[in-house]
Amino acid sequence: MLKEDCASELKVHLAKSLPLPSDVNRPRIDLIVFVVNLHSQHSLRNVEESLHHVDSTFFLGKVSFLATGAGQESHCSVHRNTVVKLAHTYRSPLLFCDLEVEGFRTTMAQRLVRMLQICAGHVPGVSALNLLSLLRSTENPSLEDL
């Protein structure tokens, strides 16, 4: 993501879990991306536990889920529908990506940077809520489809 061309300053903070340590100098948080490795039950549990530490207002367009390892379904210990239901429960977009493939990784980085720009208010005429409604209608199946 840091390699992508971005008109504004981009800061990425990686954390294995939430809550983050309290730090008065922490920059504003515009987007939280929960990464679930489909090859690890621990990854899913960690995300589920971390979700409890996120203020409910963030789920209005500033939280997204990224499921990795989707390209090797035979090795998955977390079923795709489990992550779909999790994203649906929190009314947040879900993206799938195989980060082992450089082309997919680059495309996902570009997409996340664009989502971040929107969530930060750097794209005129588009808000995080607009983005949420667009992503929900095109990518996430309804719960009835599961």
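This briefing walks through the fold, the helices and a few individual residues of the protein shown above. The model is a predicted one. The protein contains 4 helices and 3 strands, and along the sequence these elements come in the order β-α-β-α-β-α-α. Of its 146 residues, 35% are buried.

**Overall picture**

- About 9200 Å² of the protein is exposed, and carbon and sulfur atoms supply 52% of that area.
- Among contacts with a separation of 6 or more, 71% are between residues 24 or more positions apart.

**Strands and their connection**

- Strand β2 (63–68) is joined to strand β3 (residues 94–97) by 4 bridges, and the two run parallel.
- If you would like one pair to look at, Phe65 has Leu94 in β3 as its bridge partner.
- Together with the helix α2, these strands make a β-α-β unit, β2, α2 and β3, and the unit is right-handed.

**Helix α1**

- Helix α1 spans residues 41–51, and its buried residues are Ser43, Leu44, Asn46, Val47, Ser50 and Leu51.
- Looking down the axis of α1, you will find these buried residues within an arc of 160°, so they line one face of the helix.
- The general background is helpful here: an α-helix has 3.6 residues a turn, so residues three or four places apart point the same way.
- His42 and Glu49 are exposed, and they sit on the face of α1 turned away from its buried side.
- What do the buried residues of α1 pack against? Their partners are β1 (32–37), β2 (63–68) and α2 (80–89).
- At the N-terminal end, α1 is capped by Ser40, with a side-chain oxygen 3.3 Å from the backbone nitrogen of His42.
- His42 therefore appears twice in this helix: its backbone nitrogen lies 3.3 Å from the capping side-chain oxygen, and His42 is one of the exposed residues on the face turned away from the buried side.

**Helix α2**

- In α2, the buried residues are Val83, Val84, Leu86 and Ala87.
- These residues cover an arc of only 160° around the axis, which puts them on the same side of α2.
- The buried residues of α2 pack against β1, α1, β2 and β3.
- The packing of α1 and α2 can be read from either helix: buried residues of α1 pack against α2, and buried residues of α2 pack against α1.
- Just after α2 comes Arg91, which takes a positive phi of about 50°.

**Asp30, ahead of β1**

- Asp30 is found in the segment before β1.
- Is Asp30 buried or exposed? Its relative accessible area is 13%, so Asp30 counts as buried.
- The side chain of Asp30 makes a polar contact of 2.6 Å with the side chain of Arg28.
- Leaving aside neighbours within four places in sequence, Asp30 is in contact with Lys62, Leu116, Cys119 and Ala120.
- Among these partners, Leu116 and Cys119 belong to helix α3 (residues 102–119).

**Arg105, in α3**

- Arg105 has its place in helix α3, which covers residues 102–119.
- With a relative accessibility of 36%, Arg105 is partly exposed.
- Which residues does Arg105 touch, not counting those up to four places away in sequence? They are Cys97, Leu99 and Glu100.
- One of these, Cys97, lies in strand β3 (residues 94–97), so the contact links α3 to that strand.

Terms used:
Residues are numbered from 1 along each chain as its sequence is written. This is a predicted model: local features need pLDDT of at least 70, side-chain atom pairs count only at pLDDT 80 or more; totals for chains, interfaces and linings use all residues. Side-chain values use heavy atoms; hydrogens and water are left out. Buried means under 20% relative accessible area, exposed over 50%, partly exposed in between (1.4 Å probe, protein chains only). Contact means heavy atoms within 4.5 Å. Accessible areas come from the Shrake-Rupley method with a 1.4 Å probe; for residues, only the protein chains shown count as cover. The arc is that of the directions from the helix axis to the C-beta atoms. A polar contact is a pair of N or O atoms within 3.5 Å; within protein, one must be able to donate a hydrogen and the other to accept it, and residues adjacent in sequence count only if both atoms are side-chain atoms. Two strands pair if DSSP finds at least two bridges between them. A crossover is right-handed if, with the strands pointing away from the viewer, the path from the first strand over the helix to the second runs clockwise.
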